[in-house]
Amino acid sequence: MKKKSNFSDYMFLVPAFVIYTSIVMIPTFYSLYVSLFKWNGIAPKVFVGLKNYTDLFFSDKIFLIALKNNLIWIALTLVFTMAIAMGLALLFNKEFRGRSFFRSYFYFPYTLSIILVAIVWRRMYDPSFGFINEFLRLINLEELTNTWTANPKIALFCIFAAALWQSVGQPMILFLAGLQTLPKEVLEAAKVDGASNFRTFFSVTVPLMKETFVIVIATQIISSMKVYDIIKGMTGGGPANSTQTLATYMHAQAFLYDHLGKGTAIAVVMLLMMIAIVIPYVIYTAKSE
Amino acid sequence: MKKRINKVFFYVALFAIAAIWFTPILTIILTSLKSQADFFSGSTLFQLPTKIHWENFVEAVKVGNLFTYMRNGLIVSFIKVPLGILVEALAAFAITRLSVKYKTAIFIYFLFGMMLPMQISLVPINIMFKHLQLHNTYLGLCYAYIAFGTGFGILVLRGFFNAIPREIDEAAKIDGCNKFQLLTKIILPISKPAIATLFIIDFLGTWNEFLLASVIINKTNLKTVPTGLMSFIGEYTINYGVMSAGVLISIIPVLLVFLFFQRYFVEGLSGAVKQ
């Protein structure tokens with residue numbers, strides 16, 4: 001009798017398990033397998049062992065650019081996105097008129113499609129008719145005008161600015177939630193003891209918000225590893241492959257050039273890098289309750 | 001007096017940041033009012049054209065198929081989101097309130113999907129869908145979306161279900177509820193706030209999804225908004241004004257959803273993470 005009821009309990013898991021396993025888990029393992037072959041999807045697979053990987057790391061310059069760009073992106077996110085998100089969160093943690101309006105105002109771009117944001121920012125960076133160059137001309141700083149996303153040296157940073165505009169609201173909200181859980185007495189005490197705002201922030205606020213920081217840093221690194229839409233929409237990886245990321249290069253190899261082995265190998269590299277970040281995070285999430 | 005000056009300074013700074021944040025949208029608005037000729041006549045972005053070109057908006061809808069993309073986005077979202085929440089609720093219910101073994105392990109198994117890069121399963125999905133002829137079908141697209149959504153959904157619902165007192169289960173059992181009824185008649189109605197939050201976040205997530213949609217759907221009349229907008233970029237026949245008008249039009253539905261449900265984003269999301 002008891003056994004029977006147990007079995008029916010597992011039935012509740014079946015739909016999620018089947019759907020998730022068939023689309024996420026089995027394909028993940030199949031990708032590991034495909035990455036060991038040279039294959040265009042039509043002709044028979046040719047087993048090449050780890051050649052796809054060694055090719056990537058030792059003879060594929062574009063792959064190395066993509067890898068470097070992802071690392072740059074992570075660094076930029078951890079410095080700029082987090083600093084601005086924290087700044088805004090501190091601002092909106094104060095009581096003032098219009099607070100909830102401004103909070104929503106800065107959050108709103110996060111609800112937009114990234115492709116849409118990409119089109120918007122293409123207008124910002126347009127060398128002839130874009131806001132930035134037009135504005136620089138307006139204030140007589142013509143010499144600072146640039147081709148922005150068409151300039152391989154700075155294109156990635158330009159795209160990052162667009163991504164920051166779009167996504168800063170999300171860590172802002174997380175920080176704000178963290179700030180609101182801080183015990184008021186502790187902050188008061190620091191003030192009474194004569195600690196400066198600056199000092200209070202780094203010695204009291206930050207340590208107390210450790211949990212929030214873990215979540216924000218983990219989610220920011222994960223999304224930095226996945227950066228795709230904004231690049232696809234703004235430069236498609238150009239000019240001269242200077243803005244390729246692992247995700248865009250994987251897509252190009254697998255879906256444009258039909259190099260399925262190489263494409264999946266790039267995805268596996270992404271996966272391994274993510275696992276290194278994700279496992280501690282998953283353990284933390286599962287434990288924290 | 002000092003307090004007053006501080007306050008003025010505070011608002012000036014706030015409005016300055018807000019103004020900078022608005023420049024992309026301002027650019028799109030200014031561009032949307034102009035014809036291609038206005039740009040090449042030498043007038044700057046900041047000068048209004050002699051004649052406002054409202055027809056850009058009409059053109060964007062007609063040539064850009066915008067309403068088709070929006071309709072498709074609604075169809076996909078309204079299939080995916082409720083079904084996804086049902087599937088996630090069943091699983092979250094099992095790992096919070098039923099006698100299932102290895103609950104934490106099962107939970108972690110689903111959590112992985114939330115963080116794995118979608119790229120890792122993209123090639124196999126593409127091959128599988130080719131065999132099953134699921135390309136250019138909403139069945140295929142929604143099935144894949146539900147799969148990728150399970151991690152987050154279970155995370156949110158599990159947190160909420162755990163917070164509901166266990167005594168309720170006993171009471172329901174005594175009143176003759178079976179397990180399925182316990183879920184549908186008691187747990188789900190209590191969880192309305194969590195489900196509402198999940199619904200809104202999931203809806204926008206589905207509405208805005210690009211990568212998977214671009215791999216599975218390539219027929220223009222089936223595209224959703226992001227993949228549809230992407231073809232704006234490629235189309236040289238569409239000029240800047242029309243493109244910008246199209247962008248503004250496609251912001252409107254999202255803006256409306258946001259205005260109506262903003263408390264779910266701002267409060268719900270942080271709640272989900274804490275639980």
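**View 1. Confidence along chain A of the predicted model.** In this predicted model, chain A has a mean pLDDT of 90, and 96% of its residues reach 70 or more. When the elements of chain A are ranked by their mean pLDDT, the lowest value, 70, belongs to helix α1 (residues 2–11) of chain A, whereas the highest, 97, belongs to α8(A).

**View 2. The packing of α6(A) with α8(A).** Two packed helices are described by the angle between their axes and by the distance between those axes. Here helix α6 (residues 114–125) of chain A meets helix α8 (residues 155–167) of chain A at an angle of about 130 degrees, and their axes are 10 Å apart. Because angles of 65 to 115 degrees count as roughly perpendicular and those over 145 as roughly antiparallel, α6(A) is described as oblique to α8(A). The crossing of these two helices, α6(A) and α8(A), is right-handed. On the side of α6(A), the contact is made by Ile114(A), Val117(A), Ala118(A), Trp121(A) and Tyr125(A), while α8(A) contributes Cys158(A), Ala162(A) and Gln166(A). Sorted by character, the residues of this contact between α6(A) and α8(A) comprise 7 nonpolar and 1 polar, with no charged residue.

**View 3. The packing of α4(B) with α7(B).** In chain B, helix α4 (residues 66–97) and helix α7 (residues 138–162) pack with their axes 6 Å apart, at an angle of about 40 degrees. Since only angles under 35 degrees count as roughly parallel, α4(B) is oblique to α7(B). As for handedness, α4(B) passes α7(B) in a right-handed crossing. Which kinds of residue, nonpolar, polar or charged, are found in the contact of α4(B) with α7(B)? The residues of the contact of α4(B) with α7(B) divide into 19 that are nonpolar, 6 that are polar and 4 that are charged.

**View 4. The domains of chain B.** Chain B is divided into domain 1, which covers residues 2–57, and domain 2, which covers residues 64–235. Taken over C-alpha atoms, the centres of domain 1 of chain B and domain 2 of chain B are separated by 38 Å.

**View 5. The contact between chain A and chain B.** Where the two chains touch, chain B supplies 71 residues to the contact and chain A supplies 65 residues. Within the side of chain B that touches chain A, the largest share, 15 residues, comes from helix α13 (residues 240–274) of chain B. The residues on this side of chain B divide into 54 nonpolar, 15 polar and 2 charged.

Definitions and conventions. Residues are numbered from 1 along each chain as its sequence is written. Chains are lettered from A and ligands numbered from 1 in the order in which they are written. This is a predicted model: local features need pLDDT of at least 70, side-chain atom pairs count only at pLDDT 80 or more; totals for chains, interfaces and linings use all residues. Two residues are in contact if their C-beta atoms, placed from the backbone, lie within 7 Å. Helices (H or I, at least four residues) and strands (E, at least two) are DSSP runs, numbered from the N terminus. Ala, Val, Leu, Ile, Met, Phe, Trp, Tyr, Cys and Pro count as nonpolar, Asp, Glu, Lys and Arg as charged, and the others, Gly among them, as polar. Axes are lines fitted to C-alpha atoms, for helices over the stretch in contact, and angles run from 0 to 180 degrees between N-to-C directions. A crossing is left-handed if the near helix is turned anticlockwise from the far one by less than a right angle, and right-handed if clockwise. pLDDT is the predictor's confidence in each residue, from 0 to 100. Domain bounds come from an automatic or database domain assignment.
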